[in-house]
Each structure stands twice: as structure tokens, then as C-alpha cells.
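Please open the structure in your viewer and keep the sequence panel in sight. The tour below goes from one selection to the next and says what is there.

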Amino acid sequence: MPELTNFTTHRRGFLGRVAAAAAACGLSGLGSLVAPAAAAARQAGTAPTAAPNPEFEAWLNKIVGKHKMLYDVPEPNEGFAFAWARVFLNTTNETYGTTDADNAVVIVLRHSGIPYGIQTPMWSKYKFGTAFKIDDPATKGPAVRHPLINLKPGDVPIPGMGVDELLAKGVLVGVCNIALTFNSMRLAKETGIPAETIKQEWVANLLPGVKVVPSGVIAVNRGQEKGCSYCFAG
């Protein structure tokens, strides 16, 4: 059972980092304070109604079409989500006589999948290849550039699977705000750069068209509520 052991160890490590980060931010007791207050407010009939995030809802409302697919990307997985997105569109079009514009594809980058939504300068500055265990297929070493944008013929086995190419075709790509927060905190310890500065820089360098979503898991949930079929791609 070595694979299960490694998976369990990895998840424990992640949860430990989350707990440590929360403690560092003074968040450890937040749940115990908020939950009773919220329960009391509900009992009194005074609980506030949360207003939907208009930008997030507008992004979700773009999920329209005859056939809808959502790819959940918590790990880089060599960029297979983008290959599968192109394959889905190609085969759907061939089978049902549709075009890319007739269908919807959503790619949710969360946990360690977030670098694919960020432009090349950040890959070099923050050594994403090493930090997120992503190799450059050209050099076979840790990537210091985004390996799936500005592709040339022959770079990848499936033409049109570049992140920038898919975005131009109307594919929706969301990147998890929670993952941006915790990964920026993780790299802050290694670089000495303030976490908030790192996160702001990452957000400023998102690929054009990539949307920051409140969390990857809520984007996965809401995408399915909008009619997408689910595919685990990480």
C-alpha cells in the first residue's frame, strides 16, 4: 500500500501547514467564536443574509452550452487537464457536429495546481517547478517557465491544448483564492518576501482571462450545479 501511505502523508503535511498558517494569523479560535454567535443569531431570526459575489456569479453564468465538462485540478499532473479539455472539445465536436463555442469547459486550479494559471515571470522568480514539482518537458528539469503557453508546433502531442489557446476558445479557468493564500504563505518562509506581497504579485500576473474564485471546492460545486459533468484531473 505504498501509494496510500504517500497520499496520507502528503495530506497530513498539507493539513499541518494549514493549521500552522491559521495559528500564525491568529485564526485558531475563530470557528469556536463564530459558530455559537451564528447559531444564536439564527435562533433569534437575525442572521444576516450573505450577498453573492457578483464577479464569481458572472463567471459561473458563462457556463452555457449543449455539453458541459468541469476538470478538477488539485495537483499539476503534467498538465493533463488541458489535454483532456482539448480532447473533450474535439471529440464532442466530431461526434455531435458542434463547435467549441457550442460547449462549455471549466478548469478549476486549486491546491498545487494553481501555477498553470500564472504567467511565466512568476515561474522563474518563485521557482514554481521546484516548489510545485512541475518539470519542463523541454529541459526535463524543474520548470522556470510556463510550459503550456506560447506553444509551437510539436511542443505537445495535442494541438490547441495550450492554456492561452483554450482561454481564447472560451474555456473558463478559475484559480483558488485559498490556495493562492496558503501557497504564498508557504513560499514567504522560503523567500523572505511577505506573503501578501507574493499573493498580490501572483494575482497581478494571472494569465488574461483567468479568474480568482473564492475557493476551488466551491467552484467545483457551483460548476456542477450549473450542469457540468465532473472529471478529476489531478
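## Helix H4 and its surroundings

Start by selecting Val87, which is found in helix H4. The model is a predicted one, so every value here is computed from predicted atoms. Val87 counts as partly exposed because its relative accessibility is 34%, and the partly exposed class lies between 20% and 50%. Now add Gly160 to the selection. Gly160 is 73 residues from Val87 along the chain, and the C-alpha atoms of the two are separated by 9.4 Å.

Extend the selection to the whole of H4, residues 80-96. Does the helix have the length expected of it, or what span should you find? At 1.5 Å a residue, its 17 residues should span 24 Å. The C-alpha atoms at its two ends are 24 Å apart, which agrees with that expectation.Colour the buried residues of H4 next: Ala81, Phe82, Ala83, Ala85, Arg86, Phe88, Leu89, Thr92 and Asn93. The elements covering them include strand E1 (68-73), strand E2 (104-109) and helix H7 (163-168). Step just past the end of H4 to Gly97, where phi is positive, at about 70°.

## Two positive phi values outside glycine

Go back to the loop between E1 and H4 and select Glu78. Glu78 is not a glycine, yet its phi is positive, about 60°. Most residues other than glycine have a negative phi. Glu78 has a relative accessible area of 69% and is therefore exposed.

Then move to Lys140, in the loop between H6 and H7. Lys140 also has a positive phi in a residue other than glycine, near 70°. Its relative accessibility is 66%, so Lys140 counts as exposed.

## The second largest pocket

Show the surface around Glu78 for the next stop. The second largest pocket holds about 400 Å³ of space. It is lined by 20 residues, and those closest to its centre are Glu78, Gly79, Phe80, Pro137 and Leu148. Which kinds of residue make up the lining: nonpolar, polar or charged? The lining has 12 nonpolar residues, two polar and six charged.

## The loop between E2 and H5

Select Arg110, which lies in the loop between E2 and H5. Leaving out neighbours within four places in sequence, Arg110 is in contact with Asp72, Val73, Pro74, Glu75, Cys176, Ala179, Gly216, Val217 and Val220. Add Leu180 and take the C-alpha to C-alpha distance: Arg110 and Leu180 are 8.3 Å apart in space and 70 residues apart in sequence.

Stay in this loop, between E2 and helix H5 (120-125), and pick Ser112. Is Ser112 buried or exposed? At 12% relative accessibility Ser112 counts as buried, because the cut-off for buried is under 20%. Not counting residues up to four places away in sequence, Ser112 touches Pro74, Glu75, Pro76 and Phe132. Pro74 and Glu75 are also among the contacts of Arg110.

## Helix H9

Select residues 195-204, helix H9, and colour Ile198, Lys199 and Trp202, which are buried. Turn the view so that you look down the axis of H9. The buried residues fall within an arc of 95°, so they line one face of the helix. On the face turned away from that buried side, find the exposed residues Gln200 and Ala204. Covering the buried residues of H9 are elements that include H5, helix H6 (128-132) and helix H8 (177-191).

## Helix H10

Select residues 216-225 for helix H10, in which Gly216, Ala219, Val220, Arg222 and Gly223 are buried. Gly216 and Val220 were met above as contacts of Arg110. Now show what the buried residues of H10 pack against: helix H3 (54-60), E1, E2, strand E3 (172-176), strand E4 (211-213) and strand E5 (229-232). After H10 comes Gly227, with a positive phi near 105°.

## The whole protein

Finally, clear the selection and zoom out. The protein has 10 helices and five strands. Of its 234 residues, 41% are buried. Among contacts between residues at least 6 apart in sequence, 72% join residues at least 24 apart.

Note on methods:
Residues numbered from 1 in each chain as written. Predicted model: local features only at pLDDT ≥ 70, side-chain atom pairs only at ≥ 80, totals over all residues. Heavy atoms only, no water. Helix = DSSP H or I, 4+ residues; strand = E, 2+ residues; numbered from the N terminus. Expected span 1.5 Å × (residues − 1). Buried < 20%, exposed > 50% of the residue type's maximum accessible area, 1.4 Å probe, protein only. Contact = heavy atoms within 4.5 Å. 1 Å grid on protein atoms, 1.4 Å probe; cavity = no way out; pocket = protein on both sides within 12 Å on 5 of 7 lines; lining within 4 Å. Points joined across faces, edges and corners; volume = space filled by probe spheres on them. Nonpolar A, V, L, I, M, F, W, Y, C, P; charged D, E, K, R; others polar. Arc of directions from axis to C-beta.
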